[in-house]
Amino acid sequence: MTLVFVKGQNAPLTAQRLRIMVDAAIAVDLSALLLAETGRVRSDGDFVFYNQPSAPGLTWLTGGAGGAQRVEIDLTAVPADVARVIAVISPDDRTMTFGSGAAPVARLVEETGAEVGTFTMGGLSEERAVIAWELYRRGGAWKVRAIGQGYSGGLAQLVAAHGVDVEQEEPPPVAVTGSPHFPGTPSPHFPGTSSPHFPGPSGAPAASPQPQPVQEIGGPPQERLYQQVWSIFQDAARSTSALRSAIGYAEQRRDNEVGELLNDPRLRNSPQTAAARAEADRRYDELVRRAEADRRRDVDQLVAELTSLSATLPAPLAAWDSPRWRDWRLPETMTVGIRVGDVHVPETPQLRIPLLFRLPLMRALWIDSTGADRNAAVAMARSVVVRLLAAHPPGQLSVSVADLAGGGAAARALDLGGAPGGGSSMPVAATPQALSEMLEHLVERVDLVQMAMRAGAMSGGPQDNIDGGRRLLVLHDFPYGFDERSVAHLHYLLNEGPEAGVHVLMVADPADSSTLGPLVGAVWRSMARLPVLSGDHMGDPWVGLTWTFTPDVTTGSTAVEEILARLARQADGQ
């Protein structure tokens with residue numbers, strides 16, 4: 001039986017040899033990519049299209065009625081280090097978009113000719129390239145998922161986002177239909193994304209970020225674990241979207257069927273109408289039952305995967321109460337990322353997915369203290385700072401604190417003890433003059449590192465600079481105590497600092513700056529928001545979901561004190 005897919009829906013594949021085709025109102029090109037666990041091609045040879053018609057397990061063909069293109073897939077011949085195969089459509093006329101005609105329909109067919117499923121990609125407008133299908137490995141078997149993610153920049157932007165080396169003919173716009181981050185105020189990116197711009201109006205999903213090259217920090221094993229968490233998030237997001245789409249479709253179909261019956265007053269109370277309404281309700285119940293069964297199957301599998309994965313996550317990616325912290329040792333290289341909490345959707349509170357941030361932090365973190373007391377906000381800042389210290393080699397991250405409203409109390413509450421940059425050695429700005437000097441010092445450092453990098457005088461990155469290591473500025477209660485010059489310096493650090501090894505962690509309530517100018521507003525928009533309160537919500541334009549966030553703070557954890565003690569002993573040369 002042919003499945004009619006909705007966006008995000010997945011299904012197991014039984015056939016190993018398949019064919020992908022597309023029906024569209026405009027002439028389209030069909031292409032495909034082989035992607036590794038990182039979400040990127042292994043080489044340009046993994047991109048199959050009319051000028052490069054074959055890759056391991058993939059063959060591009062044309063012919064038949066109207067010269068229609070198709071991609072033949074032999075899953076048995078796809079290399080073991082390929083995790084996903086994506087099928088892409090793009091207009092043959094590059095000036096056209098998919099909003100100029102009827103919705104394209106992607107079809108997946110077995111070698112025998114039996115149709116596996118169809119996917120109508122509705123809701124497209126300015127897109128000039130769309131990912132139609134994704135075939136991916138899960139639990140030793142292959143599955144297929146309807147994607148429908150579009151890119152306004154066309155095929156060149158899409159394939160470049162997945163690691164293909166292309167010559168851009170124009171600056172690529174951002175993708176317009178799907179990839180992760182959050183609504184409300186500026187918000188954090190989920191694993192695998194590094195976009196500098198996030199949405200503003202509450203509940204309005206923004207354009208998706210263009211994926212960035214995967215960094216191999218911490219070594220391939222950690223990278224694979226990081227990507228596994230990201231993969232579980234993607235599957236959970238798409239599965240939830242598929243459930244909601246299926247229920248919405250069932251409701252709309254039932255309403256349309258019942259509406260047609262009620263349009264004729266003569267039939268409204270007839271036995272035939274009552275029977276037809278009952279049949280419409282039965283079909284609705286059957287569609288919902290099937291969608292919920294698919295969802296339960298997906299969730300059970302993801303919960304099992306996450307349970308198994310949690311036992312292997314390195315300490316910086318694990319919860320504070322994880323036994324992995326008992327095995328923690330001072331790292332020799334920066335680890336792949338840190339964990340700040342977990343997220344879930346209302347339908348499945350049992351599936352709590354770690355929210356991870358990749359290192360180095362290429363975007364400032366903003367701990368949103370709205371509605372929380374100062375102690376809770378400072379406690380969360382301490383949790384993040386200690387995780388960052390634990391993720392860097394000893395001495396490779398130094399902490400500075402600016403706290404004008406609290407007169408330096410927040411620095412004392414961090415209580416980093418004898419860790420490098422902690423205790424009495426931690427620079428603290430508690431007055432406007434001290435803040436100005438601290439910001440100027442960091443700006444000068446960024447300028448020096450940039451000059452050294454341009455001159456080729458730095459072999460491995462910011463940590464090789466003469467003053468050593470990266471810098472973390474923990475900034476409380478912005479914009480209290482800031483003048484125009486200090487705001488400009490902060491804006492410069494947010495934009496230029498990460499590449500030069502200067503990072504910012506802000507703890508503040510945006511209501512404190514609601515009446516200030518556009519430069520202050522740009523500061524908020526440039527950061528990744530991290531709520532303090534458990535149960536706060538984060539949006540995700542990957543499939544337009546709202547997730548519930550639970551922070552992972554240090555309360556009651558002995559791991560924090562052990563981390564700081566080991567760092568102190570290292571600093572003392574013990």
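Is Arg 445 buried or exposed? At 3% relative accessibility, Arg 445 counts as buried, since the cut-off for that label is under 20%. Before going further, keep in mind that this is a predicted model. Here's a quick tour, starting with the whole chain and then moving on to sheets, rings and charged side chains.

**The chain as a whole**

- You're looking at a protein chain with nine helices and 23 strands.
- The chain has 574 residues, and 54% of them count as buried.
- Take the contacts in the chain with a separation of 6 or more: residues 24 or more positions apart account for 70% of them.
- About 24100 Å² of the chain is exposed, with carbon and sulfur atoms supplying 51% of that area.

**Back to Arg 445**

- To find Arg 445, go to helix H6, which covers residues 432-454.
- What does its side chain reach? The side chain of Arg 445 gets to the backbone oxygen of Ala 500, at 2.9 Å.

**An open, parallel sheet**

- Six strands make up an open sheet, and if you walk across it the order is S18-S17-S19-S20-S16-S21, with parallel pairing.
- Strand S18 (428-429) and strand S21 (528-531) stand at the edges; each has a single partner strand, so one side of each has no neighbour in the sheet.
- Inside that order, S19 (residues 470-476) and S20 (residues 502-508) pair in the parallel sense over six bridges.
- For a landmark on this pairing, look at His 476, which stands opposite Val 507 in S20.

**Antiparallel strands early in the chain**

- Strand S3 (residues 17-23) pairs with strand S10 (residues 105-110) in the antiparallel sense, over six bridges.
- S10 also pairs with strand S11 (residues 115-120), again antiparallel, over five bridges.
- Ala 106 is a handy residue to follow here: it is the bridge partner of Val 22, and on the S11 side Ala 106 has Phe 119 as its bridge partner.
- S10 and S11 form a hairpin with four residues between them. In the turn, Gly 113 has a positive phi of about 100°.

**Aromatic rings**

- How many aromatic pairs does a search of the whole structure find? The search turns up eight.
- One of the pairs is Trp 230 with Phe 233, which is stacked, at 5.3 Å centre to centre and 15° between the planes.
- Trp 230 and Phe 233 are three residues apart in helix H2 (residues 220-262), so about one helical turn separates them. Both of these residues are buried.
- Trp 320 and Trp 325 are stacked too, because their ring centres are 4.7 Å apart and their planes meet at 20°, while stacking calls for planes under 30 degrees apart. Both Trp 320 and Trp 325 are buried.
- Phe 5, Phe 119 and Trp 133 come together in one aromatic cluster. You've already met Phe 119 as the partner of Ala 106 in the hairpin strands.

**Charges over rings**

- Which ring does the charged end of Arg 387 sit over? Look to Trp 320: the charged end of Arg 387 is 4.4 Å from the centre of that ring. Trp 320 is also the residue stacked with Trp 325.
- Arg 358 lies over the face of Tyr 226, at 4.4 Å from the ring centre.

Definitions and conventions:
Residues are numbered from 1 along each chain as its sequence is written. This is a predicted model: local features need pLDDT of at least 70, side-chain atom pairs count only at pLDDT 80 or more; totals for chains, interfaces and linings use all residues. Side-chain values use heavy atoms; hydrogens and water are left out. Rings of Phe, Tyr and Trp (its six-membered ring) pair if their centres lie within 6.5 Å; planes under 30 degrees apart count as stacked, over 60 as edge-to-face and the rest as tilted. Helices (H or I, at least four residues) and strands (E, at least two) are DSSP runs, numbered from the N terminus. Buried means under 20% relative accessible area, exposed over 50%, partly exposed in between (1.4 Å probe, protein chains only). A charge sits over a ring if NZ of Lys or CZ of Arg is within 6 Å of the ring centre and within 35 degrees of the ring normal. Two strands pair if DSSP finds at least two bridges between them. A polar contact is a pair of N or O atoms within 3.5 Å; within protein, one must be able to donate a hydrogen and the other to accept it, and residues adjacent in sequence count only if both atoms are side-chain atoms. Contact means heavy atoms within 4.5 Å. Accessible areas come from the Shrake-Rupley method with a 1.4 Å probe; for residues, only the protein chains shown count as cover.
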